[in-house]
Amino acid sequence: MGILEKIGEIEREISRTQKNKATEYHLGLLKAKLAKYRAQLLEPSKTAGAKGEGFDVMKSGDARVALIGFPSVGKSTFLSLMTATASEAASYEFTTLTCIPGVIEYNGANIQLLDLPGIIEGASQGKGRGRQVIAVARTADVVIMMLDATKGDVQRKLLEKELESVGIRLNRSKPNIYFKPKKGGGLSYNSMVPLTMCSEKLVQLILHEYKIFNAEVLFREDSTPDDFIDVIVGNRVYMPCLYVYNKVDQISIEEVDRLAHEPHSVVISCGMKLNLDHLLERLWEYLALICLYTKKRGERPDFNDAIIMRRGASVEHVCHRIHRTLASQFKYALVWGTSTKFDPQRVGLTHVMEHEDVIQIVKK
C-alpha cells in the first residue's frame with residue numbers, strides 16, 4: 001500500500017470515528033500517523049528522476065505576497081492591475097503556467113507580488129504542479145487567497161484543506177508548548193493551565209508514534225492534539241492570509257455584505273476596479289510594515305526616501321539597516337513622532353519605533 005492510499009485510509013477512518021471521550025486516544029493516534037505520512041509525502045524522492053522545472057523567484061523588495069487560488073479566479077488580472085507587470089489573462093483555465101512576479105509600490109515600500117499558477121484539488125499530493133506552488137507560498141510573508149465570489153465558500157474550504165495538509169497554518173499563532181527531546185529520563189509532562197483536549201496518556205501515545213520516549217513537555221495554553229503534533233514535527237509555517245473575493249459585481253448585494261463581514265476577508269472586482277484601494281490598506285496592515293524617515297542635523301527630514309521596517313523594530317534595527325557599523329558608534333538618537341512622549345525625544349538603542357517616525361542618529 002502506497003503512502004497516498006495510507007493517507008486516504010486514515011482520513012476515512014477519522015471521518016467515520018465519532019468524537020467523544022472514549023475515542024480521543026484513537027483519534028489522537030490517527031492524527032499523529034496522518035501527519036507522519038504527509039511529511040513523508042513532501043520529502044523529495046531518493047530515486048534520481050528527471051529534474052522538473054521549479055518556480056525559483058529571487059526574493060526582492062521589502063515583503064513578499066503570494067497569490068493563491070483555483071484557475072480562472074482573476075489572479076493574473078489582479079497582478080496586471082496592481083503592478084506594472086502584464087500577466088497573460090484569458091477566459092480559459094491554466095492561462096498562467098509559471099510564477100510571474102510583480103512589484104506593488106505603496107507607502108514608499110516595494111511589495112513583491114507573485115502570481116502563481118492555479119492550484120486544483122489534490123495539489124498537496126503533487127497534482128497540477130501543486131507542490132511547487134505551495135513551496136513558493138511557504139516563503140511568502142502574506143498569502144492572498146483569490147476566490148470566486150460566485151462559488152460561495154466552497155473554494156475557500158478546499159484551499160484551506162490543501163494548505164493545512166502541507167503544514168501551512170493560516171491566521172493562527174504558534175502553539176505555546178515547550179517541547180524538548182532528551183537522551184534519557186522518560187517523559188516529563190507539565191501544564192500551566194487546565195487541559196481539556198490533551199491528557200498525559202494521549203501525549204505519551206503521540207510521542208511513541210514518533211519513536212520519542214524521553215522528552216520534556218510543558219503546555220502553557222489549552223491546546224489540541226493537532227497543535228501538539230505541529231510542535232513535534234516542527235516544520236509548520238504560521239502566516240497571515242487575506243481572503244479576497246473577486247467578481248462581486250456578479251452576485252447580489254446581500255451576498256456581498258455577507259462575504260465582506262467574514263473574518264480576514266475583502267470583496268473586490270478586478271473587472272470593474274472596485275475596492276482595490278481598501279485591499280491595499282488591509283494588505284499593508286497584514287504585512288505589519290512601518291515607514292521611517294531620517295534627518296540630518298540642521299536639515300529638514302527626507303520624506304522622499306523612507307526606510308521600511310517591520311512593526312516592533314527598535315532604533316538598533318534602524319542602525320543596522322542604515323549601516324552595519326552604525327550601532328557600534330551610536331551615542332543617542334532624537335526621535336519625532338507617535339512613539340515619543342514629546343518632540344524630539346532623546347532615546348537609546350532599545351526604543352521601539354512607530355509608523356512615520358522621524359529619526360536623527362548622533363554618533364560618538
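The following legends describe close-up views of a predicted model of a single chain.

**Figure 1. Overview of the predicted chain.** The chain comprises 364 residues, of which 45% count as buried. Its secondary structure consists of 10 helices and 16 strands. Of the contacts between residues at least 6 apart in sequence, 64% join residues at least 24 apart. The exposed area of the chain is about 19,400 Å², and carbon and sulfur atoms supply 52% of this area.

**Figure 2. The five-stranded open sheet.** This view shows an open sheet of 5 strands in the order E13-E12-E16-E14-E15, with mixed pairing. Strand E13 (307–310) and strand E15 (345–347) form the edges, each pairing on one side only. On average, and with direction ignored, neighbouring strands of the sheet are turned by 35° against each other. Strands of a sheet pair through backbone hydrogen bonds, in either a parallel or an antiparallel arrangement.

**Figure 3. Strand E12 and its two partners.** Strand E12 (residues 289–294) runs parallel to strand E16 (residues 357–363), and 3 bridges join the two. With E13, by contrast, E12 pairs in the antiparallel sense, over 4 bridges. Leucine 289 has arginine 310 of E13 as its bridge partner. On the E16 side, leucine 292 has aspartate 357 as its bridge partner, while threonine 294 stands opposite isoleucine 359. E12 is mostly covered, with 5 of its 6 residues buried.

**Figure 4. Helix H10 across the sheet.** Helix H10 (residues 315–322) lies across E12, E13, E15, E16 and strand E14 (330–336). Relative to E13, the helix runs at about 135°. Among the strands that H10 crosses, E13 and E15 are the edge strands of the sheet.

**Figure 5. Helix H7 and the glycine that follows.** Helix H7 (residues 225–233) is largely enclosed by the rest of the structure, because 7 of its 9 residues are buried. The buried set consists of Pro225, Asp227, Phe228, Ile229, Asp230, Val231 and Ile232. Glycine 234, just after H7, takes a positive phi of about 80°.

**Figure 6. The buried side of helix H6.** In helix H6 (residues 200–209), the buried residues include Leu202, Val203, Ile206, Leu207 and Glu209. These residues cover an arc of only 155° around the axis and therefore lie on the same side of H6. Just after the helix, lysine 211 adopts a positive phi of about 60°.

**Figure 7. Surroundings of serine 80 in helix H3.** Serine 80 belongs to helix H3 (residues 75–82). Its relative accessibility is 29%, so serine 80 counts as partly exposed; the corresponding range lies between the limits of under 20% for buried and over 50% for exposed. The side chain of serine 80 reaches the backbone oxygen of serine 76 at 2.9 Å. Cysteine 270 is 190 residues from serine 80 in sequence, yet the C-alpha atoms of these two residues are 9.7 Å apart in space.

Methods: Residues numbered from 1 in each chain as written. Predicted model: local features only at pLDDT ≥ 70, side-chain atom pairs only at ≥ 80, totals over all residues. Heavy atoms only, no water. Buried < 20%, exposed > 50% of the residue type's maximum accessible area, 1.4 Å probe, protein only. Contact = heavy atoms within 4.5 Å. Areas by Shrake-Rupley, 256 points an atom, 1.4 Å probe, with all protein chains shown as cover. Arc of directions from axis to C-beta. Polar contact = N/O pair within 3.5 Å; in protein donor to acceptor, adjacent residues only side chain to side chain. Pairing = 2+ DSSP bridges. Axes fitted to C-alpha atoms, helices over the stretch in contact; angles between N-to-C directions.
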